[in-house]
Amino acid sequence: MIDLKNLKIRYQDAIAIVEFNQANSKVNTLSQAMMNEFVPVFTHLQTNDNVQGIVVISAKPGTFIAGADINMLESVKSRDELYKMSRNGQEIMNQIEQSTKPIVAAIAGSCLGGGFEVALACHYRIALNDKRTDFGVPEVKLGLLPGAGGTQRLLRNLLLSDALDLLLTGKEIKPKRAKALGLIDVLVEPIGTDEEDMEYLCSVAVQKANQLIVQRPTKRAFSFMENIKSKIMLNTSIRNYILSQAQTKVLAQTQGLYPAPVRILDVVRQTLERGSTVGYDAEAKAFADLGMTNESKALIHLFHGRTECKKNKYGKPQRDVRLLAIVGADMIGAGIANVSIDKGFQVILYDSISNALSLSKSQIITNYQTSIKRNRITQKDYIRILSNLKCQTTLDNFHQCDFIIENVFADLHLKQKILYQVEQSISDHCIFASNTYTIPIHQIVARSDHPEKIVGMHYFSPVEKVELLEIIRTKQTSDDTICSAVNVGLKQGKIVIVVNDGPGYYTTRLLIFASVEIFLLLKEGLSAKDIDQATKNIGFHVGLATLLDEFGIDIIANLVYRLHEIFGERLTDSSVIELLRMFVRNKLFGRKSEQGFYIYLKNNKKEINPKIKDILKNPSIHVNERSTREQIQWRITLRILNEAAKCLEEDIINSPTDGDIGAVFGLGFPPMKGGPFHFMDTYGIFNIVDLMYNYQSKYGDRFMPTQLLIKMSEENKAFYP
C-alpha cells in the first residue's frame, strides 16, 4: 500500500471504512493527489479477500466531497487532456458501480459535482439530514457539465424533467428533497455533536454494508405517478417536445451566451436516442470542448474571485461583534436586519417613527414565514431567529452595541447629525458604519471624535438577495475597523470587497458612467427597448434601461450632477445634464413614480413611455446619427471598462479581482465575460485601447483610454499575468 495523506482506512470486521481527509484543506475535493491515492486503495480493497464491503465517508464534518479540484482543471492545457480526464473519471466511477463488493456512501455535508458523482456510483446512499448536507451538480455554473458519468446516472435514476432541472440549473438540493427524488436511500437524523453524528452515520452505513453482503439492493420502485410519467417519456415525440421546450427556455434565459446548457441538452438527447455508450462519449467530448471555452474560463475566474472575497484578508478583529444596531427602518434597514438575526447577531432596529419600524418588522416576518413554507427553516428556528430582533424608537442600550449601521436618507447633513447623536450614546470600542452609495465617507466623518472607528458599508437592494457588500475606507479608518466590518459582512453571508473612499466609490461610479452613455444614446432617438435588448444580448441579466428605472432616475440625476462637478466633460457634456433635468421636471423617476423610460402598468407589465419622444423633440436636445446594436454594446461596455481601469489606477479598488467581483455582483456585468479586467485580458488590452481610440474619434474624448490602459497596451501586459 502507498503512503496515504488524503485518505484514512480502518476496518470493522469485514467492512473497510475509507475516510476522505484531504491534507491542508477545510474541504475534500477530487484533486489529483486524492485520486492518486483513491484508485490504488480501491483496487487493493477489491482484491483483498478479508474485505467484503466498503463504506466511503468523510473525516471532515460538513463536507463529503465538495467537487472536483478547480485548480486541477485549470492546469490542463488541451482539449485532449480534458477528454482523457473525463474518460478516466468515468472509468473510475464505473469500477465503483460494478464492484462485486457492496459500497455504501455515508454522506454528511456538501456532496457536490464530482463528489455527487462518486455517491451516485455507490450501491447505497445514506445521508445525514442536517443544514450542511446538500447535493447537486453545479458544473453548469462553471460553464461545464458533470464529466465522470454524472449525466448518465442522473438520467438513469431520475425522471427526465428532474434530471434536466438539476443539470441545467446547477441547483443544490437538501437531503429530504434528494430522498424524495430517490437519490438517497436513507436519511439519518443528527443526534448530538459533529463527532457523535459522524460516528452514528458511519455505524448505520457499516450495518447496511453488512446487510448488502447478503442481499444486494434492488432498484428503487417508482411511484404510480412516476411510472406513468416514465412510460410517457418512452414516447419519442413527447421526449423530443420536452427537450425542445427546455432548449427554448435555456436560450431565452441565457441569450445563447452560455454554451454549457446547450451542450448538456445535446448529451441528454444523444443518450436517450442512442444509449449510454454513446452518452458517456458525448459527455466526455462536451466536457473537453466546454473546458476550453472563454466562458468556462471566465466563470471559473469568478469562482476563484468569489472564494477570495469570502475570506477576511485583514485577519481577526480585536473584538467580536455580538450586538449590532441599525439606524433607519426602511426596506434596506429591514434587509440588513434580516440577514443578521439568523447569523447569531443580536440586533436593535431603531427608527424615530414607529410606523416605519412596524413596516420593517412585517417585512422581516414575511420573509421568514416564507422560509418556513419552503422548508428552509422550522417553526422552532423562526422563533429563535426573531428573538434576536428588538425594534425601538429610542437609543436605549446603544452603549452596549459593538457595531452601528446607519441607514438614513442619503443627505450629508442628516448623516452627520445621526453620527453626532449616536456617538454620544455608544462606547469607545463601538464601530460606526454608514450605508451609502454616493456620499464620500470622509465628509460624513469630518466632525467625528473617532474617525478611525468609522467606515462605509454599501448594501445593495434587495439586501436579502444581492450578495455583494462594498466596504469603503477613508485614510483615517483603522485596519481593525475594516477587519471588523468585513467580518460582519462575511457573517451576514456577503461577498465583500473593500474600496477606498472617492467619488461614487467603485460600483456607483461604473453605473453612472454607463448611465450617461445610455442618455446619450437616447438623444440619438434610440428607445429604452433598444438599449435593454442590446445590453441583454451581451449578457446583462437585466437590460440597463430597466436597471436605471429600478434604481431611480432622480437618484441617477443627482449623482450625475454631483460627479459632473468632479469629472467634468470626461463624464459627459452639458446636454445630458439638461436631459436629466427634463426627466426630473416631468417626474420620470422610474418604477417608483410608475413612469420613467417605461410606463409601469398593473400585473408587472410595462410599455415604452411616449413622453420620452416629446422630451427629445426639445430644440435644446441635439440628435446625432443613430448607433447600431453593436455600437450600443461597445459604447456602454467601453465606458465601464475605462472607468474600472481608472478606479484601479487611482487606487479606488485594490486589485483587478475586487474590480471584477464588484462589477459582476454589484452592477450585473456579464458573468460569462468574467468581469471588466478579465474581459480586457481575454479580448486583448491592445485591442480594447484601439477600440477606445476609434470611438474617441467618432464620439468624443470621453472614450480616451486611461493612462494605465495605454501603458499596459504598449508594454503588452495583462491584469492577470
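How do the residues of the lining of the largest cavity divide into nonpolar, polar and charged? In this predicted model, that lining consists of eleven nonpolar residues, with no polar and no charged ones. The sections below begin with this cavity and then turn to a helix, the salt bridges and a serine.

## The largest cavity

A search of the whole structure finds four cavities of 30 Å³ or more, and the largest cavity holds about 60 Å³ of space. Its lining is made up of Val18, Phe38, Val41, Phe42, Leu45, Ile54, Val56, Ile96, Ile103, Val118 and Cys122. Two elements, α1 (32–47) and β3 (53–58), give two or more residues to this lining, and α1 gives the most, with four residues.

## The second largest cavity

The second largest cavity has a volume of about 40 Å³, and the residues around it are Pro61, Gly62, Ala108, Gly109, Leu128, Asp130, Arg132, Thr133, Asp194, Asp197 and Met198. This lining divides into four nonpolar, three polar and four charged residues, whereas the lining of the largest cavity has no charged residues. Helix α8 (residues 194–214) gives the most to the lining of the second largest cavity, with three residues.

Two residues of this lining, Asp130 and Arg132, also meet through their side chains in a salt bridge, at 3.8 Å from N to O. Arg132 counts as partly exposed because its relative accessibility is 37%.

## Helix α3

Helix α3 (residues 79–97) has 19 residues, which at 1.5 Å a residue should span 27 Å, and because its end C-alpha atoms are 27 Å apart, the expected span and the model agree. Within α3, the buried residues are Leu82, Ser86, Gly89, Gln90, Ile92, Met93, Asn94 and Ile96. One of these buried residues, Ile96, is also part of the lining of the largest cavity.

The buried residues of α3 pack against α1, β5 (103–107), α4 (114–121), α5 (150–157) and α12 (276–291). Among these partners is α1, the element that gives the most to the lining of the largest cavity.

## Salt bridges

Side chains of opposite charge can pair when their charged atoms come close. The count of salt bridges in this structure comes to 33. In one of them, Glu643 pairs with Arg570, and the closest N and O atoms are 2.7 Å apart. This pair links distant parts of the chain, since Glu643 is in helix α26 (residues 629–649) and Arg570 is in the loop between α23 (553–567) and α24 (574–585), 73 residues apart. Glu643 is buried, because its relative accessible area is 1%, whereas Arg570 is partly exposed, with a relative accessible area of 26%.

Another salt bridge joins Arg473 to Asp479, with the closest N and O atoms 3.0 Å apart. Arg473 has a relative accessibility of 15%, and therefore it counts as buried. Elsewhere, Glu517, Glu524, Arg635, Arg639 and Arg702 are linked in a network of salt bridges.

## Ser296 and its contacts

Ser296 lies in helix α13 (residues 294–308), and it counts as buried because its relative accessibility is 1%. Which residues are in contact with Ser296, leaving aside its neighbours within four places in sequence? They are Leu142, Gly143, Leu144, Leu290 and Gly291.

Definitions and conventions. Residues are numbered from 1 along each chain as its sequence is written. This is a predicted model: local features need pLDDT of at least 70, side-chain atom pairs count only at pLDDT 80 or more; totals for chains, interfaces and linings use all residues. Side-chain values use heavy atoms; hydrogens and water are left out. On a 1 Å grid over the protein atoms alone, a cavity is a set of points where a 1.4 Å probe fits but cannot get out, and a pocket is an open set with protein on both sides within 12 Å along at least five of seven lines; lining residues have an atom within 4 Å of a point. Grid points are joined across faces, edges and corners, and a volume is the space filled by probe spheres set on the points. Ala, Val, Leu, Ile, Met, Phe, Trp, Tyr, Cys and Pro count as nonpolar, Asp, Glu, Lys and Arg as charged, and the others, Gly among them, as polar. The expected span of a helix is 1.5 Å times one less than its number of residues. Buried means under 20% relative accessible area, exposed over 50%, partly exposed in between (1.4 Å probe, protein chains only). Contact means heavy atoms within 4.5 Å. A salt bridge is a side-chain nitrogen of Lys or Arg within 4 Å of a carboxyl oxygen of Asp or Glu.
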